[in-house]
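Please open the structure in your viewer and keep the sequence beside it, so that each selection can be followed from stop to stop.

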Amino acid sequence: MTIFTKILNREIPAKIVYEDEHCLAFRDVNPQAPTHVLLIPKLEIPTMNDVNDSHRDLMGHLMVVAPRIAEQEGIARDGYRLVVNTNANAGQTVAHIHIHIIGGRALGWPPG
Ligand code: AMP
């Protein structure tokens with residue numbers, strides 16, 4: 001179990017911006033841009049490497065919800081970035097899949 005399960009279970013506080021049956025979105029505690037939201041499935045999947053065909057609908061759902069959250073946050077038109085860090089080289093620190101929704105400023109590329 002990770003800290004994100006504790007957020008899901010309301011055991012630790014978070015600034016929740018969206019919730020439905022399958023996922024939860026809340027503000028990153030250490031934002032890297034004016035808008036930085038984390039979108040997580042309620043199902044605990046540690047990394048993208050653990051995704052399999054049984055997760056097809058769930059993962060698709062996240063990709064439908066993410067732009068809705070961007071719209072809700074007011075960053076859809078100007079643009080934003082969706083990021084899913086996986087394992088050490090990408091700097092994944094929480095072993096529960098999370099989509100970073102980052103925007104509100106011009107973002108650099110490539111990532112550092
Ligand atoms: P990653 O490095 O891709 O695993 O991203 C993990 C993210 O979770 C980081 O951006 C952290 O700032 C964020 N984070 C860690 N703990 C919390 C928390 N309790 N509430 C909100 N965001 C968190």
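The tour below goes from the ligand to a strand, then to a pair of rings, and ends in a loop.

Before selecting anything, note that this is a predicted model, in which local features need pLDDT of at least 70 and side-chain atom pairs count only at pLDDT 80 or more, while totals for chains, interfaces and linings use all residues. Residues are numbered from 1 along each chain as its sequence is written, and side-chain values use heavy atoms, with hydrogens and water left out.

**Stop 1: the ligand**

Select the ligand and then the residues near it, where a residue counts as near if one of its heavy atoms lies within 4 Å. You should find 16 residues around the ligand, and the closest are D28, N85, T93, H98 and H100. Sorted by type, this shell holds seven nonpolar, seven polar and two charged residues; here Ala, Val, Leu, Ile, Met, Phe, Trp, Tyr, Cys and Pro count as nonpolar, Asp, Glu, Lys and Arg as charged, and the others, Gly among them, as polar.

Next, display the polar contacts, each a pair of N or O atoms within 3.5 Å. An oxygen atom of the ligand lies 2.8 Å from an N or O atom in the side chain of N85. With G91, the partner is a polar backbone atom, 2.9 Å from an oxygen atom of the ligand, and with V94 a polar backbone atom is 3.2 Å from an oxygen atom of the ligand. How much of the ligand does the protein bury? Taken alone, the ligand exposes 510 Å², and the protein buries 83% of that, with accessible areas from the Shrake-Rupley method and a 1.4 Å probe.

Now colour helix 1 (3-8) and strand 2 (23-27), the elements that give two or more residues to the shell; helices (H or I, at least four residues) and strands (E, at least two) are DSSP runs, numbered from the N terminus. Helix 1 gives the most, with three residues.

**Stop 2: strand 5**

Select residues 99-103, which form strand 5, and see that five of its five residues are buried, a word that means under 20% relative accessible area, whereas exposed means over 50% and partly exposed lies in between (1.4 Å probe, protein chains only). In a regular strand the side chains alternate between the two faces of the sheet. In strand 5, I99, I101 and G103 lie on one side and H100 and I102 on the other, and both faces are covered.

Add strand 3 (residues 35-41), which runs antiparallel to strand 5 and is joined to it by five bridges, with L39 opposite I99. Strand 4 (residues 80-83) is also antiparallel to strand 5, through four bridges, and V83 has H100 as its bridge partner. Two strands pair if DSSP finds at least two bridges between them.

**Stop 3: two rings**

Select F4 and F26, which form an edge-to-face aromatic pair, 5.3 Å centre to centre with 70° between the planes. Rings of Phe, Tyr and Trp (its six-membered ring) pair if their centres lie within 6.5 Å, and planes under 30 degrees apart count as stacked, over 60 as edge-to-face and the rest as tilted. F4 lies in helix 1 and F26 in strand 2, so the pair ties together parts that are 22 residues apart in sequence. F4 is buried at 6% relative accessibility, and F26 is buried at 3%.

**Stop 4: a loop**

Finally, select P31 in the loop between strand 2 and strand 3, which is partly exposed at 47% relative accessibility. A33 lies in the loop between strand 2 and strand 3 and is buried at 8%. The C-alpha atoms of A33 and L107, 74 residues apart along the chain, are separated by 8.5 Å.

Definitions and conventions:
A polar contact is a pair of N or O atoms within 3.5 Å; within protein, one must be able to donate a hydrogen and the other to accept it, and residues adjacent in sequence count only if both atoms are side-chain atoms.
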